[in-house]
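Here is a short set of exercises to work through with the model open beside you. Try each task before you read its solution.

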Amino acid sequence: MRPLIPPATRTNTRTDDFAPTPNPTPSAAAITTQPSDNAVTEGGTATFSVTATGTAPLSYQWAKNGATVAGATSASYTTPATTTVDNGALFAVTVSNSVSSVISRSASLTVNPLIQGTLEQYGTSSTGVALRWNAFAPPGGGQHPAVLVLHPGGYRTGNAGPDSVSLDLAAAGYLALSTEYRLAPPHTPMNAPNHLAPSQDTVVPADEGHYPEQTTDVQMAIRAARRDPRCDGRVYGVGGSAGASHALYVTATGTPGDYQFDLVVFLSGVYDLADVAWLTDPCVPGEGCPPKSSQII
């Protein structure tokens, strides 16, 4: 007789054990970083951006002063070249997904007028050479500290400027003056091609540009800047290479409140600050300047 084998134990299986995992609940669109205000100079472009979270996909639509900007459907938007008409414009973006839409804060755009240089005559040399600077005044008028920008060029070459430095200074609130001075022999034409006659080469007799004509011109420019109605009485200097040497000389030898800079920045000039006293060594008529002085002219 065969032994009895107990029946297999039955296991009850619930149908919900095999139910699929439910999808997460979609999350609404939310802005985590708002667009910031922006300021540019006329002709430049401005970029506005936003950071958002929420269930993908997220869509974006930028608006300017409440009007939809065609094609502006990314998380950032860059304007076309701006004009002063765009000054004060407001930019906002709508972020949307399948759950909701949210509108950002309105970011403002400030468009500063493009500063134009004006070629002006600041003086006339004793030989009849017209001396000029390119003046960049901050917008809005008023009085400002003046900064003479003295160009490099190895004493014999170079044009008034560089204007890029003057533009930056004017944008920062200074009356920036890209200043020319007579060049040492053998020299190229002054501020070519913008210098109008009479120049060093057109006066009779020709002005060869021997020392101390360069520093005399810088002294004249400092005095002219102090008298300029756009200047608040303070005159600073920025000089590069040869321009730095001229700036140092007039600062070391000048009279405060007259043709001495109130503050000056020297960039790569030719000078020795270990012994400043020699800067005041006088030039002897008929004998030229002391040898040490020739290091900075």
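**Exercise 1. Backbone angles**

Where is Tyr155 found?

Solution. Tyr155 is found in the loop between β13 (144–150) and α1; helices (H or I, at least four residues) and strands (E, at least two) are DSSP runs, numbered from the N terminus. Before going on, note that this is a predicted model, in which local features need pLDDT of at least 70, side-chain atom pairs count only at pLDDT 80 or more, and totals for chains, interfaces and linings use all residues. Residues are numbered from 1 along each chain as its sequence is written, and side-chain values use heavy atoms, with hydrogens and water left out.

Next, look at the backbone: Tyr155 has a positive phi of about 75 degrees although it is not a glycine. Its relative accessibility is 15%, so Tyr155 counts as buried (buried is under 20% relative accessible area, exposed over 50%, partly exposed in between, with a 1.4 Å probe and protein chains only).

Now find Ser241, in the loop between β15 (231–240) and α3. Ser241 is not a glycine either, yet its phi is positive, about 55 degrees. At 25% relative accessibility, Ser241 is partly exposed.

For context, most residues other than glycine have a negative phi, and most peptide bonds are trans. Two cis bonds are worth finding here: one runs from Pro185 to Pro186, with omega near -10 degrees, and another joins Val204 and Pro205, with omega about -5 degrees. Pro186 sits in the loop between β14 and α2, and Pro205 lies in the loop between β14 and α2.

**Exercise 2. Salt bridges**

Which residues are linked with Arg182 in a network of salt bridges?

Solution. Start with the criterion: a salt bridge is a side-chain nitrogen of Lys or Arg within 4 Å of a carboxyl oxygen of Asp or Glu. The structure holds 10 of them.

Take Arg182 and Asp207, whose closest N and O atoms are 2.9 Å apart. Both partners lie in the loop between β14 (175–179) and α2 (213–227), so the pair ties together parts that are 25 residues apart in sequence. Arg182 is buried at 2% relative accessibility, and Asp207 is buried at 3%.

Then add Glu213, whose side chain meets that of Arg182 at 3.3 Å, N to O. This pair links helix α2, home of Glu213, with the loop between β14 and α2, home of Arg182, 31 residues apart. Glu213 is buried too, with a relative accessible area of 16%.

Putting the network together gives Arg182, Asp207, Glu213 and Asp217.

**Exercise 3. A further pair**

How many residues apart are Arg223 and Asp258?

Solution. First check the contact: the side chains of Arg223 and Asp258 form a salt bridge (2.8 Å, N to O). Arg223 is in helix α2 and Asp258 in the loop between α3 (242–253) and β16, 35 residues apart. Arg223 is partly exposed, with a relative accessible area of 33%, and Asp258 is partly exposed at 24%.

**Exercise 4. Exposure in a strand**

Is Leu263 buried or partly exposed?

Solution. Locate Leu263 in strand β16 (residues 263–267). Its relative accessibility is 47%, so Leu263 counts as partly exposed.
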